[in-house]
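Here are some short exercises to work through with the model open in your viewer. Try each task before you read its solution.

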Amino acid sequence: MSLWQVENIGVDIGAHTIALRRGAQRTTLKAAGGDWAALGVELAQLLPARARLSVRVADCWSRTFLLEAPAGIGGLRDCRLLLDARFETLYGQAPADWLLQADWQAGAPMLACAIPRSLRQALAGFSLARLLPALLQDWNRHCAALPLDGVWCAAADGVVNLLVWHEARLQLVRQQPGTDVDGLLALEMARLGVALPAARFWSGPAAPAGWTHLEAAA
């Protein structure tokens with residue numbers, strides 16, 4: 001390997017297991033999903049300091065929601081305060097315990113996500129090329145090619161995620177534990193007062209009939 005090349009190592013954090021990817025080699029770690037301190041210790045034993053990591057986090061460990069800034073709020077500082085307040089209202093947890101980020105856009109709903117701060121701290125000894133929930137990584141991969149109107153369900157690891165958009169503008173982001181996709185979809189479509197879009201996308205196992213399967217990002 002050239003001295004100018006930096007190895008990009010993948011870490012796939014699942015609901016229960018964590019896998020390390022280096023090229024074609026994939027190794028299941030001893031650390032379990034959720035035990036972030038053990039993950040940091042094990043990676044430090046296996047990898048050089050400041051190794052470059054691309055980390056994919058199962059949606060059961062993250063929180064994803066829609067943030068809409070009221071009229072008159074456009075500054076980054078005010079949006080950050082709004083983001084913290086929205087998270088605390090939705091989940092009843094202290095924002096300080098989470099790493100919160102949003103796709104900052106003026107005048108449009110913003111896709112926001114949160115990852116446990118303790119996970120980020122466990123990876124402090126490494127260089128992070130990417131640290132993303134699975135849902136957000138897959139959305140980033142596919143969103144530019146999706147039609148102007150549609151619905152996307154992502155179901156895995158006991159968590160259901162639902163995204164609905166109209167004219168390329170997000171209208172709804174819902175995340176809940178369980179596997180009742182049909183119930184969640186019917187409830188939210190009724191609440192929005194809209195019909196189910198013709199373009200329906202699915203990620204996760206066992207895509208229902210009539211839905212287009214979206215491949216997970218690598």
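## Exercise 1: a helix on a sheet

In this predicted model, helix α1 (residues 36-46) lies across β1, β2 (18-22) and β4, and its direction runs at about 25° to β2. Which residues of α1 are buried, and what covers them?

**Solution.**
- Step 1: list the buried residues of α1, which are Trp36, Leu39, Gly40, Glu42 and Leu43.
- Step 2: look for what lies over them; the cover includes β1, β2, β4, β7 and α3 (117-122).

## Exercise 2: the open sheet

Work out the strand order of the open sheet of 5 strands, then find which strands stand at its edges.

**Solution.**
- Step 1: follow the pairing from strand to strand, which gives β3-β2-β1-β4-β8, with mixed pairing.
- Step 2: look for strands with a single partner; these are β3 (25-28) and β8 (127-133), so each has one side without a neighbour in the sheet.
- Step 3: consider the twist; on average, neighbouring strands of this sheet are turned by 15° against each other, direction ignored.
- Step 4: zoom in on one pair. β1 (residues 8-13) and β4 (residues 52-57) run parallel and are joined by 6 bridges. Within β4, Leu53 is the residue opposite Ile9.
- Step 5: add another helix. α4 packs on the sheet, where it touches β4 and β8, and its direction makes about 95° with that of β8.

For a closer look at α4, go to His142, which belongs to this helix (residues 134-142). His142 has a relative accessible area of 15%, so it counts as buried. Leaving out residues up to four places away in sequence, its contacts are Leu214 and Glu215.

## Exercise 3: the two sides of α2

Check how the end-to-end distance of helix α2 (residues 76-91) agrees with its length in residues, then decide which residues are buried and which are exposed.

**Solution.**
- Step 1: take 1.5 Å a residue; the 16 residues of α2 should then span 22 Å, and the end C-alpha atoms are indeed 22 Å apart.
- Step 2: pick out the buried residues of α2, namely Cys79, Leu83 and Phe87. Around the axis they cover an arc of only 75°, so they sit on the same side of α2.
- Step 3: turn to the other side of α2, where Arg77 and Thr89 are exposed.
- Step 4: find the cover over the buried residues, which includes β5 (63-67), β6 (98-102) and β7 (110-116).
- Step 5: look just past the helix, where Gly92 takes a positive phi of about 65°.

Now try Asp84, also in helix α2: is it buried, exposed or partly exposed? Its relative accessibility is 27%, so Asp84 counts as partly exposed. Beyond four places away in sequence, Asp84 touches Pro95 and Leu100.

## Exercise 4: an enclosed strand

Find how much of strand β9 (residues 150-156) is buried, and which strands it is joined to.

**Solution.**
- Step 1: count the buried residues; 6 of the 7 residues of β9 are buried, so the strand is largely enclosed by the rest of the structure.
- Step 2: take the antiparallel partner, β10 (residues 159-166), which 7 bridges join to β9. One of the bridge pairs is Ala155 with Val160 in β10.
- Step 3: inspect the hairpin of β9 and β10; it has 2 residues between the strands, and Asp157 takes a positive phi near 55°.
- Step 4: take the parallel partner, β12 (residues 200-203), joined to β9 by 4 bridges. Here the bridge partner of Ala154 is Ser203.

## Exercise 5: aromatic rings

The structure holds 9 aromatic pairs. Classify the pairs Trp165 with Phe201 and Trp202 with Trp211.

**Solution.**
- Step 1: for Trp165 and Phe201, the ring centres are 6.3 Å apart and the planes are at 20°, so the pair is stacked. Trp165 in strand β10 and Phe201 in strand β12 are 36 residues apart, and their pair links distant parts of the chain.
- Step 2: check burial; Trp165 is buried at 4% relative accessible area, and Phe201 is buried at 10%.
- Step 3: for Trp202 and Trp211, the centres are 5.9 Å apart and the planes are at 80°, so this pair is edge-to-face.
- Step 4: check burial again; Trp202 has a relative accessible area of 6% and is buried, and Trp211 is buried at 13%.
- Step 5: finish with the aromatic cluster formed by Phe65, Phe87, Tyr91 and Trp98.

Key. Residues are numbered from 1 along each chain as its sequence is written. This is a predicted model: local features need pLDDT of at least 70, side-chain atom pairs count only at pLDDT 80 or more; totals for chains, interfaces and linings use all residues. Side-chain values use heavy atoms; hydrogens and water are left out. The expected span of a helix is 1.5 Å times one less than its number of residues. Buried means under 20% relative accessible area, exposed over 50%, partly exposed in between (1.4 Å probe, protein chains only). The arc is that of the directions from the helix axis to the C-beta atoms. Contact means heavy atoms within 4.5 Å. Two strands pair if DSSP finds at least two bridges between them. Axes are lines fitted to C-alpha atoms, for helices over the stretch in contact, and angles run from 0 to 180 degrees between N-to-C directions. Rings of Phe, Tyr and Trp (its six-membered ring) pair if their centres lie within 6.5 Å; planes under 30 degrees apart count as stacked, over 60 as edge-to-face and the rest as tilted.
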